[in-house]
Amino acid sequence: MITRKRVVLGFIGTNLDAAGSLSQPERWESWRPTVSLCQHPDFVVDRIELFTEKAHRALSKTITEDIRTTSPETEVHVHVLGIRDPWDFQDVYEGLFDFASGYDFDPEREDYLVHITTGTHVAQICLFLLTESRRIPGQLLQSEPPRGRKGQTRSSKHPSPGKFSIIDLDLARYDRLATRFAAEHEQAQDFLKDGIATKSATFNLLIEKIETVALRSTEPILLMGPTGAGKSRLAARIFELRQQRCGLNGNFVELNCATLRGDTAASMLFGHKRGAFTGAQNDRPGLLREADKGLLFLDEIGELGADEQAMLLRALEEKSFLPVGSDKPMHSDFQLIAGTNRDLRKSIGSGNFRDDLFSRINLWTFDLPSLADRREDIAPNIEYELAERARTHGHTVTFNKEARDRFLTFAKKVDTPWLGNFRDLNAAVTRMSALAPRGRIRVQEVEEEITRLQANWQRPDEANRANFMDCLNDLLTEQQISTIDPFDRPQLAYTISVIRESRTLSEAGRKLFAVSREKKSKRPNDADRLRKYLAKFGLSFEAIR
Amino acid sequence: MNMLKIDGQDGGGQLLRTSLSLSLVTGEPFSMTAIRGQRAKPGLMRQHLTAVNAAIEISGGSADGAVLGSTELVFAPQRVKGGDYRFSIGTAGSTCLLYQALLPALLLANEPSTLRLEGGTHNPMAPTFDFLSECFLPVLQKMGADVELELERYGFYPAGGGSLLAKVEPCTGGLKPIELLDRGKPLRREIRVISAHVPDSVGEREGAIVLGVLEAAGWGVEGVSVRSVDSAGAGNVVCAALQSEQVCEMTIAFGERGKSGKRVAHDAAKAMRDYLGTGAVVGRRLADQLLLPIALAGAGEFLTMKPSKHTLTNAALIQQFLDVKIDISEQEDGQWKVSVSPSA
């Protein structure tokens, strides 16, 4: 068996280790941190590296001899560090840093304990920093004198070497602390989820990651996900969490970029000088400025115009920007969360989104699943909505069992699309609650709501598209239709619908070729062009009319 | 393998040392569990580990669990070899205890040994060098042992730094049985105070107090010696010794911080007064220490005071290793008789 060596590093204490007079044997009756450390019956120091200054040569000699006397197992090395002023932070840190850099640490075979009981407070701080940053790959060692008077313990009449404790800076190793951390994590995650006991494993894992990132990083976060997946709610919760835990003390400023239009877009975000453009009556600080030391949530960031994208990038990188019409940069140090429901990569491809801005905000990207992808969370969300409603409206609404089962069965069905995600679910609960007689949602309300939801999801253009294509069936057999590319079918259907609204072939031709005919210098024959087109499908104006 | 199993729950370091001694002389391996089970810090402390390592070294043996704080140990000796050995005990652990643990094995080795032991030489809770050389060793010499023990430097707790030099000649033919049933005539009475870095006046006062108590008990003391010795740390030991024709008894008390010289002196004096009063031949501590050598001799008996729990535990352990029978019985006059005989 290979036994690891225990190596202690520490300063020789000029007061406590000297214990008054060096030459006097009474020193053995006193608690001397460095010597006592080597006197524990259940703790062997295999090697001790002692730091001292030139002025304390006699002291280090006595300490070395005393350790050898009482602890023959211990190898003693004394290092004179080039510290001129033991109270000067830079001086001490440099001295210890140089020692640590030059020391041949062998953590595979040796355990290092950094004794922080001796030395000036400055020395103790430096040792802590070096250990914490792993320049010294060890743990801290703290020793304390025996309780009772003058180096005696009550139980034993003999001088005791006191007590010591090893402080591992890996806080997760302490059971009680670990429990606390776990509780705190849970609390934070719970907070991000609005206290909803979500069951979706993907979603919970996502929240766990977001919690870590939200608390440890101030870099931009990108939340992707369909409308209604809860991006803006999550952004607000991240802000509140940072407010509680990270001392974020600015404002939460929220903007949906899809609402920005024209001149006012830049001004809304970056502010303007009075008179910068027509209608700019007063100075306006802009949302970036408002979010200084706070958090800015830009939803639908993909809708941001090209100029605004460039300005935002600069603001992120330099923490300053130029308000519209101003040549004086404005400062703002804000944290950014961006939301998007579309794949920004595609927007980059089509030239609608800046590559460099995307790289800047794509550091922490989280994809929020749609409600359809986390149907197991529907039940907890319904409970949450009902509880919220009870809290804000002051009366409780509940489902009867049958109604609840009916609604959940519908909600969890694979072909229930939940196109509006949580927005739809919340609206459904709100409507059912409002309509429920005496606060009781019955099967009747549920059935009505299901019809309503399905009607909502029936997009009008989808319905039209279906009807619009029906005309093909009027004129052609299934056999014939199947020979036409699906790509060509709508064109034909549209042509047919225009012909049916036109009195003559020429009128229909003018409508259908309205753009190209303008460019032609010669008088175009639209009717002929249309006739030939129809002939390809075996159709004629007359047949269609 | 049918290994001896020893439960350390009720024992201390002595149970471990005696087990090591017995294992070394018999060649019998043993396993011990719950080492120093009821101590505040159970398991092997540094001084015990030094003893285990020394036993390994002189016997070429091996051990499992020979690490600090271990509460389980398996020890298997090979052949004990005499030679020049040196062991240092940290935390001013007792060199005298280590000497007693190794001595039986070295006596039975084929080669002579010199043993230099460094650490404490005068520790409370352990026999002192004076006790070994004046009480314990003379009995062993009577039993045929050729041993010398020299104090090179005093070592007191907690500094230590003391040193013993021991010479051990092979005891060919083994130890001889001994009977100690009568003290014989008193030859020498002595009060001795040994001090290091303690004013002479303290020692003189302590000596005078012991003298006072013992004179009142009808003891004509020839002399009080107050010795001032050099040592790393401070120390103060008060001894009262009665050398009789057959045996020597020495009672000892230690000066400690927070304990008055007067109390130290009284402790040493009262212990001697008890010994005188019972009329026992062998004092309580010596009885404990002689059990093992007499058991090795195979037979012997002595009269002593009421045995301590320590002695009873020790006797039980010895009978686990050796084919001897140890009888401890109270006599009519309040003395106790310890008889060792070959088991039937």
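A salt bridge is a side-chain nitrogen of Lys or Arg within 4 Å of a carboxyl oxygen of Asp or Glu. Keep that in mind for the first few views, and remember throughout that this is a predicted model.

**View 1. Glu49(A) and Arg47(A) make a salt bridge between buried residues.** Their side chains meet with 3.0 Å from N to O, which is within the 4 Å cut-off. Glu49(A) has a relative accessible area of just 2%, so it counts as buried. Arg47(A) is buried as well, at 9%. Over all chains, the count of salt bridges comes to 44, and this pair is one of them.

**View 2. Glu388(A) and Arg391(A) form a salt bridge along helix H13 of chain A.** What is the N to O distance here? It is 3.1 Å. The two residues are 3 apart in H13 (residues 378-393), so about one helical turn separates them. How open are they? Glu388(A) is partly exposed, at 23% relative accessible area, whereas Arg391(A) is exposed, at 61%.

**View 3. Here is helix H13(A) as a whole, with its surroundings.** H13(A) has 16 residues and spans 22 Å from its first C-alpha to its last, close to the 22 Å expected at 1.5 Å a residue. Quite a few of its residues are buried, including Ile378(A), Pro380(A), Tyr384(A), Leu386(A) and Arg389(A). Which parts of chain A help to cover the buried residues of H13(A)? Among them are helix H7 (231-245), strand S14 (398-399), helix H14 (401-412) and H15. Just after the helix comes Gly394(A), and its phi is positive, near 80°.

**View 4. Glu449(A) and Arg431(A) join two helices by a salt bridge.** The N to O distance in this pair is 2.7 Å. Glu449(A) belongs to helix H16 (residues 443-457) and Arg431(A) to helix H15 (residues 421-435), so the bridge ties together parts of chain A that are 18 residues apart in sequence. Glu449(A) is buried, with a relative accessible area of 0%, while Arg431(A) is partly exposed, at 26%. Over in chain B, salt bridges with shared partners join Asp130(B), Glu134(B), Arg188(B), Glu190(B) and Arg192(B) into one network.

**View 5. An open sheet of 4 strands sits in chain B.** In what order do the strands come? They run S1-S2-S4-S3, and the pairing is mixed. S1 (4-7) and S3 (62-64) are the edge strands, each with a single partner, so one side of each has no neighbour in the sheet. On average, neighbouring strands are turned by 15° against each other, direction ignored. As for what holds such an arrangement together, strands of a sheet pair through backbone hydrogen bonds, either parallel or antiparallel. S1(B) and S2(B), the latter covering residues 30-33, pair in the parallel sense over 4 bridges. Look for Leu4(B), whose bridge partner in S2(B) is Phe30(B).

**View 6. Helices H1 and H8 of chain B pack against this sheet.** H1(B), residues 13-26, touches S1, S2 and strand S4 (73-76) of chain B. The direction of H1(B) makes about 170° with that of S2(B). H8(B), residues 309-321, lies across S1 and S2 of chain B, and runs at about 170° to S1(B). Chain B as a whole has 8 helices and 16 strands, and 57% of its 344 residues count as buried.

**View 7. Tyr154(B) and Phe156(B) show a stacked pair of rings.** The structure holds 22 aromatic pairs over all chains. In this one, the ring centres are 6.1 Å apart and the planes are at 10°, so the pair counts as stacked. Are the two residues buried or exposed? Both Tyr154(B) and Phe156(B) are buried. In chain A, ring pairs link Phe11(A), Phe51(A), Phe99(A), Tyr103(A), Phe105(A) and Tyr112(A) into a cluster.

**View 8. Thr70(A) touches residues of chain A and chain B.** You'll find Thr70(A) in helix H2 (residues 57-70) of chain A. Its relative accessible area is 0%, so Thr70(A) is buried. Leaving aside residues up to four places away in sequence, what does Thr70(A) touch? From chain A, its contacts include Trp28(A), Val35(A) and Cys38(A). From chain B, they include Arg46(B), Gly90(B), Thr91(B) and Pro158(B).

Conventions. Residues are numbered from 1 along each chain as its sequence is written. Chains are lettered from A and ligands numbered from 1 in the order in which they are written. This is a predicted model: local features need pLDDT of at least 70, side-chain atom pairs count only at pLDDT 80 or more; totals for chains, interfaces and linings use all residues. Side-chain values use heavy atoms; hydrogens and water are left out. Buried means under 20% relative accessible area, exposed over 50%, partly exposed in between (1.4 Å probe, protein chains only). The expected span of a helix is 1.5 Å times one less than its number of residues. Contact means heavy atoms within 4.5 Å. Two strands pair if DSSP finds at least two bridges between them. Axes are lines fitted to C-alpha atoms, for helices over the stretch in contact, and angles run from 0 to 180 degrees between N-to-C directions. Rings of Phe, Tyr and Trp (its six-membered ring) pair if their centres lie within 6.5 Å; planes under 30 degrees apart count as stacked, over 60 as edge-to-face and the rest as tilted.
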